[in-house]
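Here is a quick walk through one chain, from a single valine outwards to the fold as a whole. Keep the viewer open as you read.

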Amino acid sequence: MEFVLGDVRSLPFAEGEFDFVIDFGTWYHISRPQEAIEEISRVLEPGGVFCYETRASQLLSHPMRLIRQVAALARDCQPEAHQATVLVGQPRQAHPGLIR
């Protein structure tokens, strides 16, 4: 196996050189993704397979990333912007106009 550093939008390989191309978690970070998919298609042989990891599958396969992202969202949550966060655990009398 050989590792080659390059730009997925301009791969240094011949047309149809690969029967399988795999991507681990970078696909959704690529600017101009249409150029990247065209280049991947070019280097795949006819009938070749492109396998990529979606953002959702990456979070599910790496649960600590999901936990960190949920924690970051909770930290960034502004109570005044999200009334539900103000109401959680509050007695009904505390917000009579908001709770029905």
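Let's start with valine 43. Not counting residues up to four places away in sequence, valine 43 touches Leu11, Phe13, Ala14, Glu15, Gly16, Glu17, Phe18 and Val21. Bear in mind that this is a predicted model.

**The core**

Where does valine 43 belong? Along with Val21, Trp27, Ile30, Ala36, Ile40 and Leu44, Val43 is part of the largest nonpolar core, which has seven residues. Helix 1, running over residues 33–43, is the top contributor to this core, with three residues. That fits a general trend: in soluble globular proteins, nonpolar side chains tend to be buried together.

**Aromatic pairs**

Two of valine 43's contacts, Phe13 and Phe18, turn up again when you look at the rings. How many aromatic pairs are there in the model? The count comes to two. Phenylalanine 13 and phenylalanine 18 make an edge-to-face pair, with centres 4.9 Å apart and planes at 85°. The other partners are phenylalanine 50 and tyrosine 52, and this pair is stacked, at 5.3 Å centre to centre with 25° between the planes. Here they are side by side:

| Pair | Centre to centre | Angle between planes | Arrangement |
|---|---|---|---|
| Phe13 and Phe18 | 4.9 Å | 85° | edge-to-face |
| Phe50 and Tyr52 | 5.3 Å | 25° | stacked |

Are the rings' residues buried or exposed? Phenylalanine 13 counts as partly exposed because its relative accessibility is 24%. Phenylalanine 18, at 28%, is partly exposed as well. Tyrosine 52 also falls in the partly exposed class, with a relative accessibility of 41%.

**The two strands**

Now follow the stacked pair across to aspartate 23, a residue of strand 1 (residues 18–23). Leaving out residues up to four places away in sequence, aspartate 23 touches Phe50, Cys51, Tyr52 and Glu53, so both rings of the stacked pair's residues belong to amino acids in that contact list. Why does aspartate 23 count as buried? Its relative accessibility is 11%, and the cut-off for buried is under 20%.

Strand 2 (residues 44–52) holds proline 46. Is proline 46 buried or exposed? At 81% relative accessibility, it counts as exposed. The C-alpha atom of proline 46 is separated by 9.4 Å from that of phenylalanine 18, although the two residues are 28 apart along the chain.

**The largest pocket**

The largest pocket has a volume of about 700 Å³. Its lining takes in 22 residues, and Val4, Leu11, Phe13, Val21 and Ile22 are the ones that lie nearest its centre. Phe13, of the edge-to-face pair, is therefore not just a ring partner but one of the lining residues nearest the pocket centre. Which element gives the largest share of the lining? Strand 1 does, with five residues, and helix 1 is another element that supplies at least two. By class, the lining has 17 nonpolar, three polar and two charged residues.

**The whole chain**

Stepping back, the protein chain has four helices and two strands, in the order β-α-β-α-α-α along the sequence. Of its 100 residues, 14% are buried. Among contacts between residues at least 6 apart in sequence, 58% join residues at least 24 apart.

Definitions and conventions. Residues are numbered from 1 along each chain as its sequence is written. This is a predicted model: local features need pLDDT of at least 70, side-chain atom pairs count only at pLDDT 80 or more; totals for chains, interfaces and linings use all residues. Side-chain values use heavy atoms; hydrogens and water are left out. A nonpolar core is a set of buried Ala, Val, Leu, Ile, Met, Phe, Trp, Tyr and Cys residues joined through side-chain atoms within 4.5 Å. Buried means under 20% relative accessible area, exposed over 50%, partly exposed in between (1.4 Å probe, protein chains only). Contact means heavy atoms within 4.5 Å. Rings of Phe, Tyr and Trp (its six-membered ring) pair if their centres lie within 6.5 Å; planes under 30 degrees apart count as stacked, over 60 as edge-to-face and the rest as tilted. On a 1 Å grid over the protein atoms alone, a cavity is a set of points where a 1.4 Å probe fits but cannot get out, and a pocket is an open set with protein on both sides within 12 Å along at least five of seven lines; lining residues have an atom within 4 Å of a point. Grid points are joined across faces, edges and corners, and a volume is the space filled by probe spheres set on the points. Ala, Val, Leu, Ile, Met, Phe, Trp, Tyr, Cys and Pro count as nonpolar, Asp, Glu, Lys and Arg as charged, and the others, Gly among them, as polar.
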